[in-house]
Amino acid sequence: DIRLNPQQEEEVLIKGARWAVENGYGQPEDITFTEANGELKGAHPEKVSHRAHERGKNQLGTLGSGNHFLEIQYVEEIFEPEIAKAFGLEKGQVTLMIHTGSRGLGHQVCTEYLETMQNCSQKYGFKLPDRQLACAPFHSDEGQNYLGAMRAAANYAWANRQILMSLSFDVLEKILGKSANKLGLSLVYDLAH
């Protein structure tokens, strides 16, 4: 039940997972085990529409639907021992997997910029073999605006997963009656959707 004011939401879109840790959701070392330290530089929250901001305002710390899930898993077999060891995984271990992203905020950013980019092929003089390949030149205003908005959405997604992980650890501590440290709970790795 996380409710953000506009300033807090902008901080999430810039800081990503770091915002979550700074606000009590997780440990500083979690950032080390997060792709890009959970923060894509060059995010531009001002390139995210008001509608996308509204959709994301009350969705931080939520799972969503569709192919999103949070499940407890069991390591039954190790296929790559060196890689498993590097990640601290071993046979018989219980793990938690969280698959979610930037929720309505990112979906809205994608929808709006897809519409914008559908006109770019005519504007910049190129032909697309399929309209689902809508794009814009990287250095164009449309390309740079999209990149800044999507970086902000990626940062929101990292904050969202960090918060969900922290809340999940809280539940496990409460149910099992032991601290996260005693239970050996720690982030293996978080990467962009």
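Select F87 to begin the tour of this predicted model. F87 counts as partly exposed, because its relative accessibility is 38% and partly exposed residues lie between the limits of under 20% for buried and over 50% for exposed. Along the chain, F87 is found in the loop that joins α5 (81–86) to β2 (94–99).

Next, keep F87 selected and add F33, I83, V188, Y189 and L191. Together, these residues make a nonpolar patch of about 540 Å² on the surface.

Now colour the protein chain by secondary structure. How many helices and strands does the protein chain have? There are nine helices and two strands. Following the sequence, one passes through the order α-α-α-α-β-α-β-α-α-α-α.

Then display the C-alpha atoms alone and turn the view along the principal axes. The C-alpha atoms of the protein chain fill a box of roughly 60 × 40 × 30 Å.

Restore every residue and consider the interior. Of the 193 residues in the protein chain, 35% are buried. Among contacts with a separation of 6 or more, 72% are between residues 24 or more positions apart in the sequence.

Show the surface next. The accessible surface of the protein chain comes to about 11800 Å², and carbon and sulfur atoms account for 52% of that area.

Finally, select the charged side chains. The protein chain carries 19 positive and 25 negative side chains. Where do the centres of the two sets lie with respect to each other? The two centres are 3 Å apart.

Conventions: Residues numbered from 1 in each chain as written. Predicted model: local features only at pLDDT ≥ 70, side-chain atom pairs only at ≥ 80, totals over all residues. Heavy atoms only, no water. Helix = DSSP H or I, 4+ residues; strand = E, 2+ residues; numbered from the N terminus. Buried < 20%, exposed > 50% of the residue type's maximum accessible area, 1.4 Å probe, protein only. Contact = heavy atoms within 4.5 Å. Areas by Shrake-Rupley, 256 points an atom, 1.4 Å probe, with all protein chains shown as cover. Lys, Arg positive; Asp, Glu negative; His and termini not counted. Charge placed at Lys NZ, Arg CZ, Asp CG, Glu CD. Patch = residues over 30% accessible without salt bridge, like charges linked within 9 Å, V, L, I, M, F, W, Y side chains within 5 Å. Salt bridge = Lys/Arg side-chain N within 4 Å of Asp/Glu carboxyl O.
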